[in-house]
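Here's a quick briefing for anyone opening this model for the first time. Have a look at the sequence and the structure, then read on.

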Amino acid sequence: MFPNGWPGRGLLLLRLGAGIVLTHDGVAEMLMAPAWHGIIWQSLAIAGGVLLLIGFFTPMAGVLVVIVELWTAFSRADNLRTCIVLAVVGGALAMLGPGIWSLDARLFGRKRIDIGDR
C-alpha cells in the first residue's frame, strides 16, 4: 500500500523509528560482538534498518526484522522490550507497506490502468 496524507506520514514515522534504532543498535553491537555469529546477525539487523529507512523492499525488510529480533529475544535476555517492539513494528510494516514517502512507492507505486472498449 502507498497511502498518502496522515496514514503515509504515520508509516514514515514507523519506518524511520525502527530503521534508526535497528541501525544504531546493530552498529553498536557489531563493534562489541565477540564472535562471528554476532557479527552476522547484527549485519542483518543493519541491513533491515537501512532498508526500512529508505523504504526499499519494505515487506521483505519487515520480515527480516521480525526474524532477527525474535532470534535476539530468544538468544539473549537483555533488551527484551526493544526486541519485541521492533519485531511487532517490523511485522506491521511488512503487512501495511512503506507508504508514499519511500523508494518502493517511487519504483513500484500506484499505476493507472486504462481499460479500453473491446
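Which residues do ring pairs link into a cluster? They are Phe56, Phe57 and Phe108. Keep in mind that this is a predicted model. The chain has five helices and zero strands, and more than one of its helix pairings is described below, along with a few residues worth finding on screen.

**The overall picture**

- Going along the sequence, you'll read the pattern α-α-α-α-α.
- The C-alpha atoms fit a box of roughly 65 × 25 × 20 Å, taken along the principal axes.
- The chain has 118 residues, and 35% of them count as buried.
- Take the contacts between residues at least 6 apart in sequence: 72% of these join residues at least 24 apart.

**How α1 packs against α2**

- A pair of packed helices is described by two things, the angle between the axes and the distance between them.
- For helix α1 (residues 5-32) and α2, the angle is about 155 degrees and the axes are 7 Å apart.
- That angle makes α1 roughly antiparallel to α2, since the cut-off for that label is anything over 145 degrees.
- The α1 and α2 crossing is left-handed.
- On the α1 side, the residues making the contact include Leu16, Gly19, Ile20, Thr23, Gly26 and Val27.
- On the α2 side, they include Ile39, Gln42, Ile46, Gly49, Val50 and Leu53.

**A closer look at Gln42**

- Gln42 sits in helix α2 and is one of the residues in the contact with α1.
- Is Gln42 buried or exposed? It is buried, because its relative accessible area is 10% and buried means under 20%.
- Setting aside neighbours within four places in sequence, Gln42 is in contact with Asp25, Gly26, Glu29, Met30 and Arg76.

**How α1 meets α4**

- The axes of α1 and α4 come within 10 Å and cross at roughly 135 degrees.
- That makes α1 oblique to α4.
- As α1 passes α4, the crossing is left-handed.
- From α1, the contact uses Leu11, Leu14, Arg15, Ala18, Val21, Leu22 and Asp25.
- From α4, it uses Thr82, Leu86, Val89, Leu93 and Leu96.
- Some α1 residues turn up in both helix contacts: Arg15, Ala18, Leu22 and Asp25 are listed for α2 and for α4.

**Aromatic rings**

- There are three aromatic pairs in the structure.
- One of them is Trp41 with Trp71: the ring centres are 4.3 Å apart and the planes are at 10 degrees, so this pair is stacked.
- Trp41 belongs to helix α2 (residues 36-54) and Trp71 to helix α3 (residues 58-75), so the pair ties together parts that are 30 residues apart in sequence.
- Trp71 is partly exposed, with a relative accessible area of 31%.
- Phe56 and Phe57 make a tilted pair, 4.1 Å centre to centre with 45 degrees between the planes.
- Trp6 has a charged partner: Arg9 lies over the face of its ring, 4.8 Å from the ring centre.

**Two residues with positive phi**

- Most residues other than glycine have a negative phi.
- Phe57 has a positive phi, near 50 degrees, and is not a glycine.
- You'll find Phe57 in the loop between α2 and α3, and at 36% relative accessibility it counts as partly exposed.
- Asn79 isn't a glycine either, yet its phi is positive at about 55 degrees.
- Asn79 lies in the loop between α3 and α4 (80-96).

**Ile100 and its contacts**

- Where is Ile100? It's in the loop between α4 and α5 (103-108).
- Ile100 counts as partly exposed, at 22% relative accessibility.
- Not counting residues up to four places away in sequence, Ile100 touches Phe2, Pro3, Asn4 and Ala105.
- Ile100 and Met30 are 70 residues apart along the chain, and their C-alpha atoms are separated by 32 Å.

Conventions:
Residues are numbered from 1 along each chain as its sequence is written. This is a predicted model: local features need pLDDT of at least 70, side-chain atom pairs count only at pLDDT 80 or more; totals for chains, interfaces and linings use all residues. Side-chain values use heavy atoms; hydrogens and water are left out. Rings of Phe, Tyr and Trp (its six-membered ring) pair if their centres lie within 6.5 Å; planes under 30 degrees apart count as stacked, over 60 as edge-to-face and the rest as tilted. Helices (H or I, at least four residues) and strands (E, at least two) are DSSP runs, numbered from the N terminus. Buried means under 20% relative accessible area, exposed over 50%, partly exposed in between (1.4 Å probe, protein chains only). A charge sits over a ring if NZ of Lys or CZ of Arg is within 6 Å of the ring centre and within 35 degrees of the ring normal. Axes are lines fitted to C-alpha atoms, for helices over the stretch in contact, and angles run from 0 to 180 degrees between N-to-C directions. Angles under 35 degrees count as roughly parallel, over 145 as roughly antiparallel, 65 to 115 as roughly perpendicular and the rest as oblique. A crossing is left-handed if the near helix is turned anticlockwise from the far one by less than a right angle, and right-handed if clockwise. Contact means heavy atoms within 4.5 Å.
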